[in-house]
Amino acid sequence: MLEQTVGIDCRNKPTTFPKIVVVVPVYLNVGLTRACLASAMPAVMRIPGAKLVAINDASPESAMTEMLALEEARWPGKLITLENETNLGFVKTANKGIQYDFSADVVLLNNDVILPDFWLERLVEEIHTHADAGTITPLSNNTTISSFPNFMKENTVPFELDLERIDETFRARSLDPVEAPTGIGFCLYIRRGCIEEVGALDENSFGTGYGEENDFCQRALRKGWKSYITPNLYVYHRGGVSFQSQRDERIRHADQVLNRRYPSYHIDIQAFVVKDTLRLSRLRRYFDLVQCRNLPVVLHVSHGLGGGVDQHIQDLAQRSTQRMTSLILRPEHGGSVISIGAWDADASMRIFLNMKDGLDLILPFLKAVGVNLVHFHHTLGFPLNFLSIGTQLNVRQIFTCHDFYLINSNPTLTNEHGLFDFNTLDKASNPLYPLPKGMSAEVWRLRHQDFINKCAFIIFPSHSTYEIFSKFFKIKYFVVAYHAELTVFEKNSKPFKYKDFYTVGVLGALSREKGADLLEALAKLAKKNKINVKFTLIGYAYRTLKNIKTIGQYKNNQINKIIDQENCDIILFPALWPETYSYTLSSAITSGLPIMAPSIGSFPERLAARHNTHIYKHPTSTEMLMQDLCFFLSKLESGKDARAPIFITELPLLKNYYDNKYYNDVGSAKELKDSSALQSSLTALFLAQIYIKRGGREKFLRMLWPVYSHPKLQFFFNLIPHRLKRNFKRLLSNKPLHDLMRRN
């Protein structure tokens with residue numbers, strides 16, 4: 001079915017092209033459609049036997065017809081526009097395009113995609129490398145099984161790179177396409193021979209859209225035509241534009257039809273997801289992009305337990321995307337496993353290794369990728385040999401002190417009651433944070449002094465942190481710099497309003513050290529004495545707290561909205577330990593509300609001279625804190641200026657450290673001429689991956705999988721509605737199935 005026309009592909013090699021019709025059904029969004037056509041047409045123009053057929057499915061947007069007419073005039077003879085008199089729906093409209101030329105291959109293209117220049121030549125080249133290929137689909141940012149870089153996720157464009165830059169990197173070397181159980185209709189190349197044997201899309205069952213390409217690929221598979229995904233082309237997909245509010249219902253309908261027609265379909269999809277045969281290709285492509293950017297690489301070393309440490313790394317990595325590449329090394333699974341990956345990588349793009357021999361495997365990879373700086377944020381979970389990675393790589397390493405773990409393994413320096421006392425410091429015993437058996441605090445510090453000596457300098461996120469830390473360690477070079485945040489603080493305080501009852505908001509995840517017990521006692525005292533305050537915890541506590549409204553877990557970007565929704569009048573910090581920075585304090589400052597905080601840690605300095613702010617003395621009792629609260633409220637009611645004390649220190653604060661000097665400390669990118677060393681070391685890591693043991697429910701789910709996927713039992717499981725099977729899976733675990741089933 002080839003028309004003997006000769007064109008030039010992206011590698012400047014003579015190529016024989018088939019006739020091709022690129023079909024773009026159009027309904028909504030003039031701007032997206034215009035952008036899609038503009039990106040698609042240069043490749044269509046280069047191929048003599050190619051045309052693009054845009055079909056206006058009776059769009060309600062009056063400007064759509066005019067825009068398509070202008071585009072048709074811009075690309076005469078190559079861009080054909082058709083108009084449906086009435087709305088036929090996506091599938092009938094797509095079939096109209098498929099039938100436009102019965103001798104041509106077809107590319108189904110959503111109008112919400114943007115394509116790189118040589119996209120069509122590459123799809124032709126890819127599909128003709130496999131004689132049995134009926135369809136081929138490229139990688140994209142938001143296309144389920146062909147999503148890149150994170151699998152089955154909605155991704156942003158890697159490194160915010162220009163699409164042509166990504167494409168240039170992808171076409172520098174070819175990787176093998178991967179067989180898949182289905183193609184994906186956002187950009188789906190279909191051979192005409194496959195269409196002739198299989199037929200068109202099923203208009204009757206999938207007329208409204210969703211599932212039609214899956215059904216087609218399943219029919220094709222039964223005729224011997226396979227579907228492939230190519231890691232050699234990346235297409236941007238806006239996603240979620242075509243059907244908007246009807247999307248969920250259409251997906252449910254498609255699932256039911258596919259499950260009824262092809263009993264093994266969902267099993268095949270899940271098997272592909274679990275196996276994730278594209279994973280190594282995605283990793284290779286990701287690090288191809290790392291190398292092509294030629295930017296400095298920073299290895300962040302974290303405990304991986306979330307909280308302020310991970311927040312700081314994410315903020316730092318995100319704000320510096322255009323100036324450096326950020327990787328994260330962290331312990332997993334209680335410290336028996338180590339993982340390496342990009343700062344925003346999920347489990348599908350992280351490599352898991354045995355902690356014992358992991359360093360020997362990771363070091364060649366870190367050298368090959370060109371790490372400039374090792375930035376430690378915590379040492380919890382790491383053996384001693386990991387604490388000198390910088391020395392072993394012959395690069396600088398630095399350390400940000402997020403807590404006091406290095407002093408005596410107690411990150412909060414609190415006693416068994418969760419209370420910090422200046423008079424005891426490391427002598428306080430807290431059973432939650434024991435030292436290793438048989439080890440004294442002095443020996444512990446001696447081991448970590450060696451780590452500190454290997455660091456070029458230490459970053460302290462507050463003056464208080466330095467003052468405590470320096471009592472126990474010799475620190476030659478250091479910087480005091482508040483964390484870099486993406487949030488913009490409000491400078492003006494909100495006016496305080498008189499009320500009969502005031503809502504005191506408390507933010508974050510409250511442990512005993514963060515004042516959970518004190519907060520409960522305060523609420524109990526307020527209720528007993530009929531004081532006109534109520535307490536709302538925007539977050540959660542380590543246990544259920546009485547007399548307190550608890551909102552539960554929230555997303556970081558939602559906290560200020562929730563503060564407003566809960567009509568909070570002031571924000572209280574009942575912390576019993578000297579927090580080194582406190583992201584929830586940042587949220588409180590952003591809210592513009594009055595704040596009460598203790599006289600320890602970063603609170604006095606970050607709130608220094610702030611209006612409508614009260615710093616209460618630490619340590620305190622429930623009664624004293626209630627007196628402080630009532631005094632503060634009365635002062636606010638009177639309209640008097642309640643201002644926090646001025647903070648005085650001789651230590652300088654580098655306010656713009658992360659805007660300027662940090663990048664100088666990272667240094668310039670290393671010159672890496674040989675990409676083969678990076679790829680071979682990446683492959684070695686990939687082959688050395690280990691299995692991760694799962695929890696009880698997850699183990700049970702893994703045990704059920706072979707039973708559920710057994711061909712002889714499909715009849716029984718097909719009697720169970722897909723919705724019930726999905727809900728049962730979610731009861732056992734909310735993690736994606738590919739995360740649970742993968743062997744790493």
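Trainee: What makes Arg219 and Asp215 a salt bridge?

Mentor: In this predicted model, the closest N and O atoms of Arg219 and Asp215 are 3.0 Å apart. The limit for a side-chain nitrogen of Lys or Arg and a carboxyl oxygen of Asp or Glu is 4 Å, so the pair qualifies with its 3.0 Å.

Trainee: Where do Arg219 and Asp215 lie?

Mentor: Both are in helix α8 (residues 212-221), four residues apart, about one turn of the helix.

Trainee: Why is Asp215 called buried, and why is Arg219 called partly exposed?

Mentor: Buried means under 20% relative accessible area. Asp215 has 0% relative accessibility, so Asp215 counts as buried. Arg219 has a relative accessible area of 22%, and the range for partly exposed runs between 20% and 50%, so Arg219 is partly exposed.

Trainee: What makes Asp517 a partner in a salt bridge with Arg512, and what joins Asp517 to Arg543?

Mentor: The closest N and O atoms of Arg512 and Asp517 are 3.2 Å apart. For Asp517 and Arg543 the N to O distance is 3.0 Å. The cut-off is 4 Å, so Asp517 forms a salt bridge with Arg512 and another with Arg543.

Trainee: Why can the pair of Asp517 and Arg543 be said to tie parts of the chain together?

Mentor: Asp517 belongs to helix α18 (residues 516-528), while Arg543 sits in the loop between β21 (533-541) and β22 (548-550), so the pair ties together parts that are 26 residues apart in sequence.

Trainee: Are Arg543, Arg512 and Asp517 buried or exposed?

Mentor: Arg543 is partly exposed at a relative accessible area of 31%. Arg512 is partly exposed, also with 31%, and Asp517 is partly exposed at 26%.

Trainee: Which residues are joined into one network by salt bridges that share partners?

Mentor: Asp202, Asp215, Arg219 and Arg261 make up that network. A search of the whole structure gives 31 salt bridges.

Trainee: Next, Ser39. How do you know that Ser39 is buried?

Mentor: Ser39 has 10% relative accessibility and the limit for buried is under 20%, so Ser39 counts as buried. Ser39 is part of helix α1 (residues 30-46).

Trainee: What makes the approach of Ser39 to Leu115 a polar contact?

Mentor: A polar atom of the Ser39 side chain lies 3.1 Å from the backbone nitrogen of Leu115. The distance limit is 3.5 Å, so the pair falls within it. Beyond four places in sequence, Ser39 is in contact with Val113, Ile114, Leu115, Pro116 and Trp119.

Trainee: Why is Glu197 called partly exposed, and what does its side chain contact?

Mentor: Glu197 has 44% relative accessibility, and partly exposed runs between 20% and 50%, so Glu197 falls in that class. Glu197 is in helix α6 (residues 192-198). Its side chain makes a polar contact of 3.3 Å with the side chain of Trp225. Glu197 and Trp225 are 28 residues apart in sequence and 9.4 Å apart from C-alpha to C-alpha. Glu197 also touches Lys223, not counting residues up to four places away in sequence.

Trainee: What makes helix α4 mostly covered?

Mentor: Eight of the nine residues of α4 (residues 119-127) are buried. The buried residues are Trp119, Leu120, Glu121, Arg122, Leu123, Val124, Glu126 and Ile127.

Trainee: Which residues touch the most other members of the largest nonpolar core?

Mentor: Trp119 and Leu120 do, in a core of 147 residues. Helix α13 (residues 355-369) gives the largest share of this core, eight residues. A second, separate core of 30 residues includes Leu519, Val533, Leu537 and Leu629.

Trainee: Last, the sheet. Why are β15 and β19 said to stand at the edges?

Mentor: Eight strands form an open sheet with mixed pairing, in the order β15-β14-β13-β12-β16-β17-β18-β19. β15 (351-354) and β19 (478-480) each have a single partner strand, so one side of each is left without a neighbour in the sheet. Neighbouring strands of this sheet are turned by 20° against each other on average, direction ignored.

Trainee: How do you know that β17 and β18 pair?

Mentor: Strand β17 (residues 396-400) and strand β18 (residues 458-460) share two bridges, in the parallel sense. Pairing requires at least two bridges, so β17 and β18 meet the criterion. The bridge partner of Phe399 in β18 is Ile458.

Notes:
Residues numbered from 1 in each chain as written. Predicted model: local features only at pLDDT ≥ 70, side-chain atom pairs only at ≥ 80, totals over all residues. Heavy atoms only, no water. Buried < 20%, exposed > 50% of the residue type's maximum accessible area, 1.4 Å probe, protein only. Polar contact = N/O pair within 3.5 Å; in protein donor to acceptor, adjacent residues only side chain to side chain. Contact = heavy atoms within 4.5 Å. Axes fitted to C-alpha atoms, helices over the stretch in contact; angles between N-to-C directions. Core = buried A, V, L, I, M, F, W, Y, C linked by side-chain atoms within 4.5 Å.
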